[in-house]
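Open the model in your viewer and follow the stops below. Each one says what to select, then what is there.

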Amino acid sequence: MNLLENITTSILQLLTTEQAWHYEVVPYELKNGRLLGVTNSENVANKTLELEVLLGKSIKLEVVDSTVLLQYLGKYYRKNQQQRKAHSTNKTLDFSNTKDFVPNLISEAKALGSSDIHIEPYEEKARIRMRIDGSLIERYELPKEGYPSLVNKIKIQANLDISEKRLPQDGRIFFEEQGKRIDIRVSILPTLHGEKVVLRLLSNDATAIDLTTLGFNKVDLENYLQGAKKTNGIVIISGPTGSGKTTTLYATLKLLNETSRNILTIEDPIEYTLEGINQVQLKESIGLDFASALRTFLRQDPDVIMVGEVRDKATATMAIRASLTGHLVLTTIHTNRAWGIVARLIDMGVAPFLLADTLNLAVAQRLIRLLCPHCKEEQTLSPSEYPKSYKPPKTLLQQYIAKGCSECFYTGYRGRKAVYEVIPIDNELSQCIKDEELNVNDLLKQRKIRSLSDNAFEFFEKGATSLEEIYPILASH
């Protein structure tokens, strides 16, 4: 049914997730004061009567096939993990209950596995979206008149100035649920129609992260471990924001975290907590930046130092200096390719001979969504479907595409994995850095270094992901 493809959030939120699944109803339109919806053939009259009493509206329900109904229930009323396992007693969001609204919103986002909550004002309404598996999904619409009070409530909890509405503000909320503490980074941005709020859920426990499950193939993992287990030098991971670089670094720190090692980190923000590691939050407003923290770290007798990001020449110089004086440094940078790290640091002003003497590993990574194993569908593959600039290493006749089912909330994808490009720096590559010979493609091929596109294609070949998902990686490499 075409009417069920693009239902507005204002209609969907007339029912909570629990109510929609209990009554097995999906509303799709409010017409002349009457709410139209679809259901299965069971107890239609009783459902209609109960919903009319519950919602205070006239209801008209159309009977559809149970399979179709389940598809749209799964698409529009996504259950969290607790609700999928049992009859959930979770609170539902009540916009009139300003006291509990923000805690319940955070609780729901956490249960759904969301990394960010976006609360956005527009001319006549406001909306709430959540980022799940890397994609934003609209969850709620809010009345515009109640929006300023919601922003003020968040500001108060984050210790921000409620009277300042012209400038951006940043703060933190510490939220505790069922004995577990969640650290939430708050960003307020003035926009045309009001202040936009983004809540980033942080401080996930790093004890469950393991390098062997992140997405490395066997050879890349061996190369990575060889460079990361050295007592000195620098390991640099590149990739865009949200590509999982911090997760890889913390999986490495977990491996190195022994009582015999002193591990220090400087981060912005602190995204994971790990017992036994000394973590420092960046505070540029009082002069605590990456470079100044690194200077202090060198007087703290460190064995391993993790720097959240190399942003400027001062930080790059201090990181190189720390690795030269017998420390292992782990950090990140923004480049498209692993070897691009070398050019980027030289552009920053790092002396090539210093970089050549200290760089252990140059790594690039991206995150790709995995196809849902319950519903992925095999289909014929045409060579014309690849990017024009890409030549596949193998000829494939078949591919798997995203379909969608109740197990993946009809997205066709379930979970994510990282795709890596790992370049261990040997003597010959080190000499290339000293000589500033940055075109090393032939050397990398001789060493059988697999690129991001090679490893992404391997996921595709195995049927773990779709061509649509890895297309940007293939197109740019």
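Axes are lines fitted to C-alpha atoms, for helices over the stretch in contact, and angles run from 0 to 180 degrees between N-to-C directions. Keep in mind that this is a predicted model.

**Stop 1: α16 and α17**

Select helix α16, residues 452–461, and helix α17, residues 467–475. Their axes lie 9 Å apart, at an angle of about 170°. Angles over 145 degrees count as roughly antiparallel, and α16 and α17 are therefore roughly antiparallel to each other. Now show the side chains. From α16, the contact takes Leu452, Ser453, Ala456, Phe457 and Phe460. From α17, it takes Leu467, Ile470, Ile473 and Leu474. How many residues of the contact of α16 with α17 are nonpolar, polar or charged? Eight are nonpolar, one is polar and none is charged.

**Stop 2: the seven-stranded sheet**

Stay with α17 and select what lies under the helix. α17 packs on a sheet, where it touches β17 and β20. The direction of α17 makes about 150° with that of β17. Select the whole sheet next. It is open, has seven strands and shows mixed pairing. Read the order as β14-β12-β15-β16-β11-β17-β20. Which strands stand at the edges? They are β14 (278–281) and β20. Each has a single partner strand, so one side of each is left without a neighbour in the sheet. On average, neighbouring strands here are turned by 20° against each other, direction ignored.

Zoom in on the β14 edge. Strand β12, residues 263–267, runs parallel to β14, and four bridges join the two. Look for Thr265: opposite stands Gln279 in β14.

**Stop 3: α9 and α8**

Add helix α9, residues 245–256. α9 lies across β11 (233–238), β12, β14, β15 (304–307), β16 (328–333), β17 (359–371) and β20. Against β16, α9 runs at about 170°.

Now add α8. The axes of α8 and α9 are 11 Å apart and make an angle of about 60°. That makes α8 oblique to α9. The crossing of α8 over α9 is right-handed. Show Tyr224, Leu225 and Ala228 in α8; they meet Thr248, Thr252, Leu255 and Leu256 in α9. This contact of α8 with α9 has five nonpolar residues, two polar ones and no charged ones.

**Stop 4: an aromatic pair**

Colour the Phe, Tyr and Trp rings. The count comes to eight aromatic pairs. One of them is Phe216 with Tyr420, a stacked pair. Their rings are 3.7 Å apart, centre to centre, with 10° between the planes. The pair links distant parts of the chain, 204 residues apart. Phe216 is in the loop between β10 (204–205) and α8 (218–228), while Tyr420 is in strand β20, residues 413–424.

**Stop 5: α10 and α11**

Select residues 290–297 for helix α10 and residues 313–324 for helix α11. They pack at an angle of about 20°, and their axes are 8 Å apart. That makes α10 roughly parallel to α11. α10 passes α11 in a left-handed crossing. Phe290, Ala291, Leu294 and Arg295 are the α10 side of the contact. Across from them, in α11, are Ala314, Thr315, Met318 and Ala319. By class, the contact of α10 with α11 has six nonpolar residues, one polar and one charged.

**Stop 6: the six-stranded sheet**

Move to the other sheet. Six strands form this open sheet, with antiparallel pairing. The order is β6-β5-β4-β9-β8-β7. At the edges stand β6 (135–143) and β7 (169–177), each with a single partner strand, so one side of each has no neighbour in the sheet. Neighbouring strands are turned by 20° against each other on average, direction ignored.

Pick out strand β8, residues 180–191, and strand β9, residues 194–202. They pair in the antiparallel sense over nine bridges. Pro190 stands opposite Glu195 in β9. Then add helix α7, residues 147–157. α7 lies across β4 (114–121), β5 (125–132), β6, β7, β8 and β9. Relative to β9, α7 runs at about 45°.

**Stop 7: the β1–β2 hairpin**

End at strand β1, residues 25–31, and strand β2, residues 34–39. Six bridges pair them in the antiparallel sense. Val26 stands opposite Val38 in β2. The hairpin has two residues between the strands, and Asn32 takes a positive phi near 55°.

How values were computed: Residues are numbered from 1 along each chain as its sequence is written. This is a predicted model: local features need pLDDT of at least 70, side-chain atom pairs count only at pLDDT 80 or more; totals for chains, interfaces and linings use all residues. Side-chain values use heavy atoms; hydrogens and water are left out. Angles under 35 degrees count as roughly parallel, over 145 as roughly antiparallel, 65 to 115 as roughly perpendicular and the rest as oblique. A crossing is left-handed if the near helix is turned anticlockwise from the far one by less than a right angle, and right-handed if clockwise. Contact means heavy atoms within 4.5 Å. Ala, Val, Leu, Ile, Met, Phe, Trp, Tyr, Cys and Pro count as nonpolar, Asp, Glu, Lys and Arg as charged, and the others, Gly among them, as polar. Two strands pair if DSSP finds at least two bridges between them. Rings of Phe, Tyr and Trp (its six-membered ring) pair if their centres lie within 6.5 Å; planes under 30 degrees apart count as stacked, over 60 as edge-to-face and the rest as tilted.
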